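Work through these three exercises with the model open. Each task is followed by its solution.

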Amino acid sequence: MKNRILNTVLILAVLVLETALFAQQPNPPGQVQNGSKAKNEAYLFAHMTHTDYGRLYYSVSLDGLHWTNLNNEKRVFPEYQGHPDICKGPDGKYYIAGNISDDSPEINIWISDDLITWKKHAVYTPNLKSTPDYSSALQRIGAPKLYYDKDSAKFMLTWHTPHKQGSKEDPEAYWASQRTLYVMSKDLKMFEGTPNRLFDWDMGTIDVFIRKVGDSYYAILKDETYPTLYWTTGKTIRIAKSKSLLGPYSLPQESISPNFREAPMLIPSPDDKIWYMYYEQYPGVSYGLSISDNLNGPWFQASGYTFYSDWDKYSLPEKARHGCMISISTKEYDGLVQKFGLTKTESNPKK
């Protein structure tokens with residue numbers, strides 16, 4: 001009798017332990033419920049890959065959490081080079097910015113009606129030395145990005161430019177000297193004046209993009225200072241805030257991501273009530289996802305990109321590197337899938 005009771009206790013203990021080990025947290029918020037129609041119907045992730053850096057690939061999603069590569073993992077627009085960033089203009093057309101390399105003096109802009117066929121729209125060559133209070137700028141242009149501001153009816157083009165070379169002994173001097181510059185344009189053909197610095201505080205920033213929510217502008221950025229005990233926010237994703245597109249912007253909030261993350265991407269959830277912030281852990285090893293119902297925070301990190309299905313609350317193609325994510329319509333999603341095809345992948349055996 002005692003042995004039977006002991007065996008029963010042991011079995012119950014094992015069951016409790018297994019339940020604890022495999023118990024899962026709730027799925028990320030923001031998904032539509034009870035058959036309701038999504039306000040954000042689908043999503044496009046325009047990105048490069050680990051083995052083909054700076055070239056254009058597409059992945060798509062219907063929930064903003066699970067992404068599938070298109071075109072059998074091949075380039076979708078061979079002419080493109082750069083860090084992909086797509087913006088929708090007031091004419092309903094899409095614009096993408098890029099540059100051949102950081103050393104190139106030119107920023108190239110293409111235009112598309114359907115995200116499938118792109119044609120050259122303009123080439124902009126900023127005079128970096130003419131930037132006020134930044135005459136020490138080096139001839140370097142990093143990760144140009146586009147934002148259309150409805151209030152001013154103008155596009156903002158941003159990028160980062162350093163003012164120190166760095167050295168073998170101190171390579172971080174180069175990265176810490178990055179400053180975010182911008183220029184305005186009504187049509188992305190003619191650009192207004194000289195480049196200007198976006199932030200009036202002295203801190204290294206890269207990968208900056210702008211979004212307006214309510215009556216505030218938010219600058220999502222990577223803090224490019226190296227992390228130390230005295231600068232714990234280094235190499236993390238942070239947010240600065242302003243009532244005006246051109247600033248002044250507040251000092252950035254506390255970190256949204258862990259250290260050594262870059263290339264943030266922000267999309268609204270399908271029900272339009274939650275924000276999904278993706279960012280890359282470099283050098284190109286994984287993606288993280290932080291979630292909030294407010295750009296002012298607080299944020300929490302979802303579990304994913306582990307390639308263990310029980311733990312993945314989100315998933316991206318394994319070779320994907322940074323780019324941009326945008327909301328698209330079901331019609332646009334269907335058009336992309338019809339043109340390029342969903343890439344077939346083997347089922348993941350990990351559990």
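Two strands count as paired if DSSP finds at least two bridges between them. The model used here is predicted.

**Exercise 1.** Find the partners of strand β6 and decide how far the strand is enclosed.

Step 1. Start with β7 (residues 119-124): β6 pairs with this strand in the antiparallel sense, over five bridges. One bridge sets I109 against A122 in β7.

Step 2. Look at the link. β6 and β7 make a hairpin with six residues between them. In the turn, L115 has a positive phi of about 70°.

Step 3. Turn to β5 (residues 94-98), which runs antiparallel to β6 and is joined to it by five bridges. Here Y94 stands opposite S112 of β6.

Step 4. Check burial, meaning under 20% relative accessible area. In a regular strand, side chains alternate between the two faces of the sheet. I107, I109 and I111 point one way, N108, W110 and S112 the other, and all are buried. Six of the six residues of β6 (107-112) are buried, so the strand is largely enclosed by the rest of the structure.

**Exercise 2.** Which strands stand at the edges of the sheet β12-β13-β14?

Step 1. Read the order: this open sheet has three strands, β12-β13-β14, with antiparallel pairing.

Step 2. β12 (205-213) and β14 (236-242) each have a single partner strand, so they stand at the edges, with one side of each lacking a neighbour in the sheet.

Step 3. Inspect one pair. β13 (residues 216-223) and β14 share seven bridges. L221 is opposite R238 in β14.

**Exercise 3.** Describe the lining of the largest pocket.

Step 1. The pocket's volume is about 910 Å³.

Step 2. Its lining has 30 residues; K88, Y147, Y148, K150 and R211 lie nearest the centre.

Step 3. Sort by class: 16 are nonpolar, four polar and 10 charged.

Notes. Residues are numbered from 1 along each chain as its sequence is written. This is a predicted model: local features need pLDDT of at least 70, side-chain atom pairs count only at pLDDT 80 or more; totals for chains, interfaces and linings use all residues. Side-chain values use heavy atoms; hydrogens and water are left out. Helices (H or I, at least four residues) and strands (E, at least two) are DSSP runs, numbered from the N terminus. On a 1 Å grid over the protein atoms alone, a cavity is a set of points where a 1.4 Å probe fits but cannot get out, and a pocket is an open set with protein on both sides within 12 Å along at least five of seven lines; lining residues have an atom within 4 Å of a point. Grid points are joined across faces, edges and corners, and a volume is the space filled by probe spheres set on the points. Ala, Val, Leu, Ile, Met, Phe, Trp, Tyr, Cys and Pro count as nonpolar, Asp, Glu, Lys and Arg as charged, and the others, Gly among them, as polar. Buried means under 20% relative accessible area, exposed over 50%, partly exposed in between (1.4 Å probe, protein chains only).
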